[in-house]
Amino acid sequence: MSVPFLDLSAAYRELQTEIDAAVARSLASGYYIGGPEVEAFEGEFARYCGAEHAIGVANGLDALHLALRAMDVGPGDEVIVPSNTYIATWLAVSQCGATPVPVEPDARTYNIDPTRIESAITSRTKVILPVHLYGQPADMDAILPIARKYSLRVLEDAAQAHGARYKGTRLGCHGDMVAWSFYPGKNLGAMGDGGAITTSDAQLADRIGVLRNYGSRVKYVNEIKGYNSRLDPLQAAILRVKLAHLDEWNARRSGIAARYQQGLTGSGLTLPFVPIWAEPAWHLYVVQHPRRDALQNALARSGVGTLIHYPIAPHLQQAYASAGFVKGQFPLAERIANQCLSLPIGPQLNEASLDAVVTAVKALA
Ligand SMILES: *Cc1c(COP(=O)(O)O)cnc(C)c1O
């Protein structure tokens with residue numbers, strides 16, 4: 001049996017009738033930039049997140065970048081980021097000319113360790129940027145008071161956490177702004193690039209609306225040097241279909257995670273830890289193993305597809321060589337990079353495939 005890590009075409013097949021109709025409707029509308037599909041999706045996604053505003057943009061990196069711009073982050077400023085995250089979190093800070101300041105994660109949840117944040121704050125710090133990594137909510141009630149104490153803004157990177165709940169409340173409305181990606185493999189995935197920012201701050205929402213559209217509110221009147229970063233109406237139409245299925249698909253992910261948790265307890269793997277206040281979106285099911293590469297190769301030979309999120313910590317990437325970080329500086333991030341492995345958890349993973357993965361992992365780990 002062969003089990004792919006993720007089968008995006010199976011997701012399309014499941015919703016093909018609805019998606020094809022949405023695409024046809026969008027094409028017939030005559031709007032190819034902006035328009036009713038984008039506005040409808042923004043309204044529906046804001047409501048889903050419990051936020052006043054959702055502003056569609058071109059992708060998740062732009063969502064982070066424009067959110068930081070809207071908060072006036074620029075050269076000389078510092079932004080606190082996790083030492084273990086997808087590099088987009090750091091790049092958004094760098095794109096503003098600001099400096100990402102890494103903070104190590106909690107070893108069990110993989111999310112930024114709130115007890116380490118205060119010692120990373122300086123007079124230049126402007127924003128704390130937690131990531132809800134792998135779909136697990138970061139500890140917002142520990143992070144937000146630190147931000148208040150030092151008058152910092154909080155931008156959340158929720159690119160992996162659509163639908164996750166923190167203490168019963170869906171993510172999307174805790175910090176000042178929340179950045180989302182609709183990259184196809186995400187829990188709420190488009191069929192191309194897409195992103196959004198949710199916020200309940202009308203002023204910040206207004207600034208994003210101007211920033212994403214050439215710095216213009218009225219056509220050909222440019223208030224600021226803005227960007228072209230818009231959510232495509234075809235993608236918005238598809239996202240409206242998929243948003244209606246998000247909770248059900250997340251429930252399937254949760255069922256798969258429960259099955260792994262039960263079937264793999266007592267194996268040689270470190271399994272995900274979920275605090276009692278967290279309801280993860282289970283974007284990824286990440287285990288750790290001391291001989292990760294050998295395990296990944298053995299699973300591949302058994303037909304089980306896995307991925308590594310992420311094999312190189314951002315501070316050790318060549319892209320950040322000029323920042324002067326050294327190996328060993330962020331040991332938790334480095335250990336996770338060396339030992340983590342993501343098992344298949346897509347909502348279209350069927351029973352037989354799930355059984356096959358559990359059996360293979362138990363035999364090889
Ligand atoms: C996917 C992702 C992004 C970037 O999203 P794109 O839409 O690919 O630009 C940012 N942060 C995290 C944590 C992600 O997983």
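**Notes on the ligand site and some backbone oddities**

1. Tyr310 is found in the loop between helix 10 (292-301) and helix 11 (331-339). Keep in mind that what we have here is a predicted model. The thing to look at in that loop is the link from His309 to Tyr310, which is a cis peptide bond with omega of about 15°. Most peptide bonds are trans. I'd put this one on the list of spots to look at by eye.

2. Next, two phi angles. Most residues other than glycine have a negative phi. Asp72 isn't a glycine, yet its phi is positive, at about 65°. You'll find Asp72 in the loop between helix 4 and strand 2 (78-82). Buried or exposed, or something in between, for Asp72? Asp72 counts as partly exposed because its relative accessible area is 45%, and that class runs between 20% and 50%.

3. Trp282 is the other one: also not a glycine, and with a positive phi of about 50°. Its loop runs between strand 12 (278-279) and strand 13 (285-288). Trp282 has a relative accessible area of 10%, so it is buried; the cut-off for that is under 20%.

4. Now the ligand. Where does it sit? The space it takes up is the largest pocket. There are 14 residues around the ligand, and those that come nearest are Gly60, Asp157, Gln160, Ser181 and Lys186.

5. What does that shell look like by class? It has 8 nonpolar residues, 4 polar ones and 2 charged ones. As for where they come from, helix 4 (residues 60-70) gives the largest share, with 3 residues.

6. On to individual atoms. A polar backbone atom of Gly60 is 2.8 Å from an oxygen atom of the ligand. Leu61 does something similar through its backbone: one of its polar atoms there is 2.9 Å from a ligand oxygen. With Lys186 the side chain is involved, where an N or O atom is 3.1 Å from an oxygen of the ligand. How much of the ligand does the protein cover? On its own the ligand has 380 Å² of accessible area, and the protein covers 91% of that.

7. If you only have a minute with the viewer, I'd go to the ligand and find Gly60, Leu61 and Lys186 around its oxygen atoms. After that, go to the cis bond between His309 and Tyr310, then to the positive phi at Asp72 and the one at Trp282.

Notes. Residues numbered from 1 in each chain as written. Predicted model: local features only at pLDDT ≥ 70, side-chain atom pairs only at ≥ 80, totals over all residues. Heavy atoms only, no water. Near = heavy atom within 4 Å. Polar contact = N/O pair within 3.5 Å; in protein donor to acceptor, adjacent residues only side chain to side chain. Areas by Shrake-Rupley, 256 points an atom, 1.4 Å probe, with all protein chains shown as cover. 1 Å grid on protein atoms, 1.4 Å probe; cavity = no way out; pocket = protein on both sides within 12 Å on 5 of 7 lines; lining within 4 Å. Sits in = over half its atoms within 2 Å of the grid points. Helix = DSSP H or I, 4+ residues; strand = E, 2+ residues; numbered from the N terminus. Nonpolar A, V, L, I, M, F, W, Y, C, P; charged D, E, K, R; others polar. Buried < 20%, exposed > 50% of the residue type's maximum accessible area, 1.4 Å probe, protein only.
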